[in-house]
Amino acid sequence: MRILFVNGMAPSAANPGNGIFVTRRLSELQKRGIEIRSLSPFLADTPGLERVKKAFGREKNTEFSSFSTGTLLFEQVPARQTILDCLMAKLDANHYPRVLAKALSSQVRQFGPHLIHAHWAYPHGAVAVKIARELHVPSVITAHGSDIHTFPHLDGKTSRALTESLEAADRVIFVSEFLKREAMALGYSGHNAVVIPNGVDLDLFKPLNRSVAKESLGIKGPCVGFVGNLVPVKRADKLPEIFTAIRALAPDTEFLVVGDGPLRREIEQRCASMELRARFLGRAPADDIPRLMNAMDVLVLPSRNEGWGCVAMEAQACGIPVVGSANGGIPETIGNGGIIVPEGADFEGRFAQATVEMLAGPIPAEALIERAGQFTWASTVDREIDLYRTILG
């Protein structure tokens, strides 16, 4: 079986952990002997467009380089856009998918896939559907989060193009029931939908000696941690308020923030001005995150939206309970392995109260580990392979 992946999320030299849940899937597929190829098309400017952008003081499009991780090669493929392409894309949301699909044409035909699978609903899903139609092979789209719950709401044309692609694919995989409902709210019928959650790498995420993990970071008291991008959708802007409210209830608590993003400097400065015992470690290598998680007594996930919430499952696999918002797929991920805090008045105060409750009466680590064991990458990929075989007959 040969599967071509059109990936909207792929690791790079600058961010090796980007799209880690795609990397895990592809690695597991490779172990099963399935022949795979990963292509990530991106829009690059022609020299003429570069000159026009420079004249108007605009930056040219970022270009990406292919990147290898282990035995996987994530190929980045530039699709050169002209001034005319920029104009046509404003009128037709399907124009850029056509440009991207054209850039992939020779590589795809050379590979000769039995099936094309896109990770990211738009434009990559539209690209996969278009190429699959031309080659008369099936297509699958996996929707992961903001490709459904955020970006389509910014532009009506994009929303319509996205819905058309979802309807045209042979199957659409959603990582949570929530995400499926969000897609249907956009007008998607759901006739070809299946829900397959992300998995967790139990060889990597597992309990370690918590005292040793804390000591390695100089943490002496109870520790509340956050792991993720420091961006508004993760509600990272409210971490100082949440941490302050936790400290008021549990003064000995220390805080650990693992991740980076545009809000980092502001959050770090506010935490310092509030004299919070908060350590900001920046973006950590994927292999080091389990050690950092094991220094935490509770992980917090206060996101304003989330497709699934892999970090919650990873924490549970380490025996760490999670306090999360009731948004997106977070309740599905946390299950009975933590506390869910609904939106509403004084969210930060109620979230802090729930976190302190969890510090005082944590869920037994054995129960958390058992729950995480139900969501392995092996089981996720088993379900995806079964889906491929059903489609291919």
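**Local contacts, nonpolar cores and a helix pair**

Outside its neighbours within four places in sequence, Thr-46 is in contact with Arg-80, Gln-81 and Thr-82. The model described here is predicted. Thr-46 itself lies in the loop that joins β2 (35-45) to α2 (47-55). With a relative accessible area of 17%, Thr-46 falls under the 20% cut-off and is therefore classed as buried.

Nonpolar side chains are considered next. In soluble globular proteins, such side chains tend to be buried together. The largest nonpolar core of the model comprises 53 residues. Within this core, the residues that touch the most other members are Ile-148, Leu-166, Phe-174, Met-293 and Leu-299. The most is given to this core by helix α13 (residues 310-317), which supplies six residues. For Leu-166, when residues up to four places away in sequence are not counted, the contacts are Ala-121, Ile-141, Ile-148, Val-172, Ala-183, Tyr-188 and Asn-192. A second core, separate from the largest one, contains 26 residues. Among the members of this second core are Phe-226, Leu-263, Ile-267 and Phe-347.

Helix α10 (residues 239-249) packs against helix α15 (residues 347-360), with the two axes 8 Å apart and at an angle of about 50°. Because this angle lies outside the ranges for roughly parallel, roughly perpendicular and roughly antiparallel pairs, α10 and α15 are oblique to each other. The crossing in which α10 passes α15 is right-handed. On the α10 side, the contact is formed by Glu-241, Ile-242, Ala-245, Ile-246 and Leu-249. These residues meet Glu-348, Gly-349, Phe-351, Ala-352, Gln-353, Thr-355 and Val-356 of α15. By residue class, the contact of α10 with α15 consists of seven nonpolar, three polar and two charged residues.

Lys-238 is located in the loop between β9 (223-227) and α10. A relative accessibility of 27% lies between the limits of 20% for buried and 50% for exposed residues, so Lys-238 counts as partly exposed. When residues up to four places away in sequence are not counted, Lys-238 touches Arg-304 and Glu-348. Glu-348 is also one of the α15 residues that meet α10. Lys-238 and Phe-347 are 109 residues apart along the chain, and their C-alpha atoms are separated by 9.9 Å. Phe-347 is included in the second nonpolar core.

How values were computed. Residues are numbered from 1 along each chain as its sequence is written. This is a predicted model: local features need pLDDT of at least 70, side-chain atom pairs count only at pLDDT 80 or more; totals for chains, interfaces and linings use all residues. Side-chain values use heavy atoms; hydrogens and water are left out. Axes are lines fitted to C-alpha atoms, for helices over the stretch in contact, and angles run from 0 to 180 degrees between N-to-C directions. Helices (H or I, at least four residues) and strands (E, at least two) are DSSP runs, numbered from the N terminus. Angles under 35 degrees count as roughly parallel, over 145 as roughly antiparallel, 65 to 115 as roughly perpendicular and the rest as oblique. A crossing is left-handed if the near helix is turned anticlockwise from the far one by less than a right angle, and right-handed if clockwise. Contact means heavy atoms within 4.5 Å. Ala, Val, Leu, Ile, Met, Phe, Trp, Tyr, Cys and Pro count as nonpolar, Asp, Glu, Lys and Arg as charged, and the others, Gly among them, as polar. Buried means under 20% relative accessible area, exposed over 50%, partly exposed in between (1.4 Å probe, protein chains only). A nonpolar core is a set of buried Ala, Val, Leu, Ile, Met, Phe, Trp, Tyr and Cys residues joined through side-chain atoms within 4.5 Å.
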